[in-house]
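Colleague: I'm new to reading structures, and charged side chains confuse me. Could you take a close look at the salt bridges in this one and walk me through them?

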Amino acid sequence: MQGISDGKGKAVSGQDSIGNNTGSKKGIAMEREAPIRILHVFGNTNLGGAESRTMDLYRYIDRKRVQFDFLVHTGREGHFDKEIRELGGHIYRVPRFRIYNYFSYVSALKKFFRNHHEYKAVQGHMTSTASIYLPIAKRAGIPITIAHARSAGVDKGIKGLATRWLRRSLPDNTDYMFTCSRLAGISVFGSRAVEEGKTVFMPNAIDCGKFNYDTKVRERIRNDLGLENQYVIGHVGRFHYAKNHEYLLQIFAVLCKNTNVDYFLLLLGEGERMEEMKELAKNLGIADRVRFAGNKNNACDYYQAMDYFVYPSRYEGLPGTVLEAQVSGLRCLMSDSICGEVEVTKLVHTMSIKDSPESWAEYIEKTKEYERIGYWKEVSAAGFDVKAQAEKMMKFYETGLLM
């Protein structure tokens with residue numbers, strides 16, 4: 001893909017959302033009557049954790065005060081594109097960075113910010129190339145630049161090494177360093193930045209009210225899925241190396257083998273490793289007990305249908321899914337490599353993925369019976385409710401000050 005386009009594939013002009021030349025004094029004066037615009041930078045707008053958390057925030061901000069636009073590194077339509085446009089946001093596109101196209105990538109970004117310097121802040125959730133695009137935005141006159149650490153790990157191989165190398169100068173190339181957890185901050189910005197207090201903890205807030213336990217929704221979804229009498233182990237996450245689905249399938253295979261309970265595994269999400277995991281389920285002899293449900297707009301309802309939430313990730317930033325599961329009243333067994341900030345209620349227990357799948361299965365079997373109640377008040381009180389965060393972030397965007 002060459003050059004820059006808007007969300008409809010059209011070439012980007014030097015005009016803003018109300019048709020004014022953004023470089024003119026008249027245009028700037030008229031912008032003062034419009035909402036402050038914030039540019040969020042992502043790889044895409046699909047159903048990922050960072051994207052979902054940003055969309056939760058977008059739904060709750062006062063869009064007469066603050067509006068979001070999105071700069072993405074793909075030519076494909078994303079899961080949230082339609083909703084973004086309905087909420088008043090714009091979607092712009094630049095080529096995906098592939099190392100060998102460094103100069104054309106920089107050229108595309110310079111062109112974009114030369115034509116679009118109307119933003120109060122640029123918030124980069126894609127930190128792999130933030131040390132490239134944030135300084136370009138700053139030189140174009142954007143007052144505030146933010147690098148937002150959302151993950152506590154990188155991909156395997158050369159891609160991961162390149163990501164770490166590109167991030168090395170990031171603390172010197174951004175005004176603010178937001179991080180969803182201490183582990184994510186260390187991974188992206190380095191331990192020195194975290195220890196010296198240069199990072200800002202910004203929780204991955206969720207819409208708590210949507211996920212509170214509801215027996216009527218539980219019955220409806222279980223009936224729709226034909227799971228009325230099964231004990232449902234659940235997981236929500238994209239099929240990616242970080243999520244460790246192969247270990248989850250191994251745990252589930254042990255459960256099915258060693259007990260008389262009618263276990264069923266419900267997996268929400270999509271991704272590059274989905275077909276590989278379907279093949280593994282067949283090889284383990286559990287394919288008839290596993291449902292690959294894909295992405296769901298009403299994921300909150302599917303939590304109600306589950307009985308236990310298992311999350312053996314290799315690394316995470318701060319998984320909103322584990323918070324959502326707790327609000328839904330689900331007992332959660334997760335990897336001890338996940339940040340402790342997500343352990344808000346007594347429902348969470350951690351184990352090492354270096355342990356055998358048998359040990360995980362044994363713990364699930366031992367703790368599968370419990371009284372299920374929702375914990376939305378506890379999760380909200382711990383600072384993870386998006387409504388409170390929306391007000392905090394609006395004040396920050398407007399003033400540049402963290403309250």
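What follows is a walk through the charged pairs, with a short stop at the positive surface.

Modeller: Sure! Keep in mind that this is a predicted model. A search of the whole structure turns up 24 salt bridges, and I'll pick out a few.

Let's start with Arg37 and Asp69, whose closest N and O atoms are 2.8 Å apart. This pair links distant parts of the chain: Arg37 sits in strand β2 (residues 36-42), Asp69 sits in strand β3 (residues 66-72), and the two are 32 residues apart. Are these partners buried or exposed? Arg37 has a relative accessible area of 7%, so it counts as buried, given that the cut-off for buried is under 20%. Asp69 is buried too, with a relative accessible area of 0%.

Now hop over to helix α2 (residues 49-60). Here the side chains of Asp56 and Arg59 meet in a salt bridge, at 2.7 Å from N to O. Asp56 and Arg59 are three residues apart in the helix, so about one helical turn separates them. Asp56 is buried at 7% relative accessibility, whereas Arg59 is partly exposed, with 31%. And this pair has company: Arg53, Asp56, Arg59, Glu83 and Glu324 are linked in a network of salt bridges.

Next come Glu195 and Arg182, with their closest N and O atoms 2.2 Å apart. Glu195 belongs to helix α8 (residues 191-195) and Arg182 to helix α7 (residues 182-189), so this salt bridge ties together parts that are 13 residues apart in sequence. Glu195 counts as exposed at 54% relative accessibility, while Arg182, at 42%, is partly exposed.

What about charges on the surface? Lys110, Lys111, Arg114 and Arg139 form a positive surface patch. Helix α4 (residues 102-115) supplies the largest share of that patch, three residues. Lys110 lies in helix α4 and is partly exposed, with a relative accessible area of 41%.

One last arginine to look at is Arg96, in the loop between β4 (91-93) and α4. Arg96 is partly exposed, at 46% relative accessibility. Leaving out residues up to four places away in sequence, Arg96 touches His73, Asn101 and Lys159. For a sense of scale, the C-alpha atoms of Arg96 and Glu371 are separated by 48 Å, with their positions 275 residues apart along the chain.

Methods
Residues numbered from 1 in each chain as written. Predicted model: local features only at pLDDT ≥ 70, side-chain atom pairs only at ≥ 80, totals over all residues. Heavy atoms only, no water. Patch = residues over 30% accessible without salt bridge, like charges linked within 9 Å, V, L, I, M, F, W, Y side chains within 5 Å. Areas by Shrake-Rupley, 256 points an atom, 1.4 Å probe, with all protein chains shown as cover. Salt bridge = Lys/Arg side-chain N within 4 Å of Asp/Glu carboxyl O. Lys, Arg positive; Asp, Glu negative; His and termini not counted. Charge placed at Lys NZ, Arg CZ, Asp CG, Glu CD. Helix = DSSP H or I, 4+ residues; strand = E, 2+ residues; numbered from the N terminus. Buried < 20%, exposed > 50% of the residue type's maximum accessible area, 1.4 Å probe, protein only. Contact = heavy atoms within 4.5 Å.
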